Amino acid sequence: MARTQSPAKVAARDQLLTARRRRSLTEVVAAARAIADHLLAAPEVRRAATVAAYVSVGHEPGTGPLLDALRDAGKRVVLPVLLPDNDLDWAVYDGPDELLSAGRGLLEPTGPRLGIAAIATADVVLVPGLAVDPRGYRLGRGGGSYDRALGRVPMGTYTCVLLYDDEVGITV
């Protein structure tokens, strides 16, 4: 079933992606470090045994330092694996050398698949997005993968969209 995108959302996505492409590598790297420091200090992340996260690509807020720090802290980190129907399976992150290039420029873990319900076992869920509106609603890229996955996350699970400061509070 085809998803209809509102013109306002299409325009917002285009503007946000253009702004991200204009960010310097220095800014992207500094933001990745700041995100890692911020989340590693969060009580919910410190207490977590399992963290569902993702591998950032391009000019997305970087997750590399965070993924390695979580793993070094003894956390079980599960990453998404995009399925042909755009749903997300999950596999354990065993370090950057155990990531494989996948479709759409993504990097995915090479380990055994845990199933689409594995996200429900995470104590913390970190997701990509392009913006979050004033009510806390996430604007993604429009494929619906994370919308489906987030529907499996139990109420009360600490969930965080990783964004740049100027992508928070945008009304679409």
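**Exercise 1. Work out what span the 15 residues of helix α1 (residues 7–21) should have at 1.5 Å a residue, and compare that span with the distance between the end C-alpha atoms.**

Solution. The model is a predicted one, and the comparison is made on its C-alpha atoms. The expected span is 1.5 Å times one less than the number of residues, so the 15 residues of α1 should span 21 Å. The end C-alpha atoms of α1 are 21 Å apart, which agrees with the expectation.

**Exercise 2. Find which residues of α1 are buried, which are exposed, and what the buried ones pack against.**

Solution. Taking buried to mean under 20% relative accessible area and exposed over 50%, we find that Ala12, Arg13, Leu16 and Arg20 are the buried residues of α1. These residues cover an arc of only 100° around the axis, which puts them on the same side of α1. The other side of α1 carries Pro7, Gln15 and Arg21, which are exposed. The partners of the buried residues of α1 are β7 (131–132) and β8 (138–139).

**Exercise 3. Repeat the analysis for helix α2 (residues 25–41), beginning with its span and going on to its buried residues.**

Solution. At 1.5 Å a residue, the 17 residues of α2 should span 24 Å, and the end C-alpha atoms are 25 Å apart, which agrees. The buried residues of α2 are Val28, Ala31, Ala32, Ile35, Ala36 and Leu39. They cover an arc of only 135° around the axis, which puts them on the same side of α2. The spacing has a general background: an α-helix has 3.6 residues a turn, so residues three or four places apart point the same way. The buried residues of α2 pack against α3 (43–47), α4 (64–72), β6 (124–127) and β9 (158–161), whereas the face turned away from the buried side carries the exposed residues Thr26, Arg33, Asp37 and His38.

**Exercise 4. Decide whether Arg33 is buried or exposed, and state how far its C-alpha atom is from that of Thr63.**

Solution. Arg33 lies in helix α2. Its relative accessible area is 53%, and because exposed means over 50%, Arg33 counts as exposed. Arg33 and Thr63 are 30 residues apart along the chain, yet their C-alpha atoms are separated by 8.5 Å.

**Exercise 5. Describe the largest nonpolar core and the elements that supply it.**

Solution. The largest nonpolar core has 33 residues, and those with the most contacts inside it are Leu39, Leu79, Trp90, Leu126 and Leu162. Two or more residues come from each of α2, β1 (50–52), α4, β2 (76–82), β3 (88–92), β6 and α5 (145–150), and β6 gives the most, with 4 residues. Leaving aside residues up to four places away in sequence, Leu126 touches Leu39, Val51, Ala52, Ala53, Tyr54, Leu66, Cys160 and Leu162. Apart from the largest core lies another one, of 5 residues, among them Leu16, Leu130, Ala131 and Leu139.

**Exercise 6. Judge from the radius of gyration how compact the whole protein is.**

Solution. The secondary structure comes to 5 helices and 9 strands, in the order α-α-α-β-α-β-β-β-β-β-β-β-α-β from the N terminus on. The radius of gyration is 15 Å, close to the 16 Å that the globule rule gives for 172 residues, so the protein is as compact as a globular protein of that length. Buried residues make up 42% of the 172 residues. Among contacts between residues at least 6 apart in sequence, 70% join residues at least 24 apart.

Notes. Residues numbered from 1 in each chain as written. Predicted model: local features only at pLDDT ≥ 70, side-chain atom pairs only at ≥ 80, totals over all residues. Heavy atoms only, no water. Buried < 20%, exposed > 50% of the residue type's maximum accessible area, 1.4 Å probe, protein only. Arc of directions from axis to C-beta. Contact = heavy atoms within 4.5 Å. Rg over C-alpha atoms; globule rule 2.2 N^0.38 Å. Core = buried A, V, L, I, M, F, W, Y, C linked by side-chain atoms within 4.5 Å.
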